[in-house]
Amino acid sequence: MLPLLSCRFLLLSTIPILICSLLVLIIANLVELGTVAHAVLSTVSVIAYFCCFVMGFGPIPNILCAEIFPTRVRGICIAICALVFWIGDIIVTYSLPVMLNSIGLAGVFGIYAIVCVIAFFFVFLKVPETKGMPLEVITEFFAVGAKQKQQAKQN
């Protein structure tokens, strides 16, 4: 039986692969490598990107949203998270053609790589480890953290 992997671990282990595959795509589009080499690098990079995205960045934010909110507001908060995800998807989808025309394919991949780097640091610094913790414990963990921040602001 495979051990359960934590959301944080999956994000921290897949985001660097996303970044590397985007960097390979940037290099493949900036350097003249020949048709076959360009096709091979692009295909391998896109497959690696999609495989790691499907394991980490794709589903994990939805799982984290279901874990981090208190039970009394979980439903509405998950709905808000889903709305934000869909708005982000729409922005990426409709801005892609405009960005391709203005900064080119390598520029678009560069922006996506920068976003992945920012996401990595955000996950590393802000996303807590929730592996093996019941939802009640996670809720209490965030409640204690919120109370500590509120008390720090008052002092």
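This section describes helix α4 and its packing against helices α1 and α3 in a predicted model.

Helix α4 spans residues 74-126 and has 53 residues. Its end C-alpha atoms are only 20 Å apart, whereas a straight helix rising 1.5 Å a residue would reach 78 Å. A kink of about 115° is present in α4, with its centre at Ile103. Buried positions in α4 include Arg74, Cys77, Cys81 and Met99, together with Ala106, Val108, Phe109, Gly110, Ala113, Cys116, Ala119 and Val123.

Helix α3 (residues 60-68) packs on α4 at an angle of about 155°, and the two axes are 9 Å apart. Angles over 145 degrees count as roughly antiparallel, and α3 and α4 are therefore roughly antiparallel to each other. Their crossing is right-handed. On the α3 side the contact is made by Pro61, Asn62, Cys65, Ala66 and Glu67, and on the α4 side by Arg74, Ile78, Cys81 and Phe85. Of these α4 residues, Arg74 and Cys81 are buried.

Helix α1 (residues 7-30) also packs against α4: the axes come within 9 Å and cross at roughly 160°. The pair α1 and α4 is therefore likewise roughly antiparallel, but the crossing of α1 and α4 is left-handed. From α1, the contact involves Arg8, Leu11, Leu12, Ile15, Pro16, Leu18, Ile19, Leu22, Leu25, Ile26, Asn29 and Leu30. The α4 partners are Leu105, Ala106, Phe109, Gly110, Tyr112, Ala113, Cys116, Val117, Ala119, Phe120, Val123 and Phe124. Among these α4 partners, Ala106, Phe109, Gly110, Ala113, Cys116, Ala119 and Val123 are buried.

How values were computed
Residues are numbered from 1 along each chain as its sequence is written. This is a predicted model: local features need pLDDT of at least 70, side-chain atom pairs count only at pLDDT 80 or more; totals for chains, interfaces and linings use all residues. Side-chain values use heavy atoms; hydrogens and water are left out. Helices (H or I, at least four residues) and strands (E, at least two) are DSSP runs, numbered from the N terminus. The expected span of a helix is 1.5 Å times one less than its number of residues. The bend at a residue is the angle between axes fitted to the seven residues ending there and the seven starting there. Buried means under 20% relative accessible area, exposed over 50%, partly exposed in between (1.4 Å probe, protein chains only). Axes are lines fitted to C-alpha atoms, for helices over the stretch in contact, and angles run from 0 to 180 degrees between N-to-C directions. Angles under 35 degrees count as roughly parallel, over 145 as roughly antiparallel, 65 to 115 as roughly perpendicular and the rest as oblique. A crossing is left-handed if the near helix is turned anticlockwise from the far one by less than a right angle, and right-handed if clockwise. Contact means heavy atoms within 4.5 Å.
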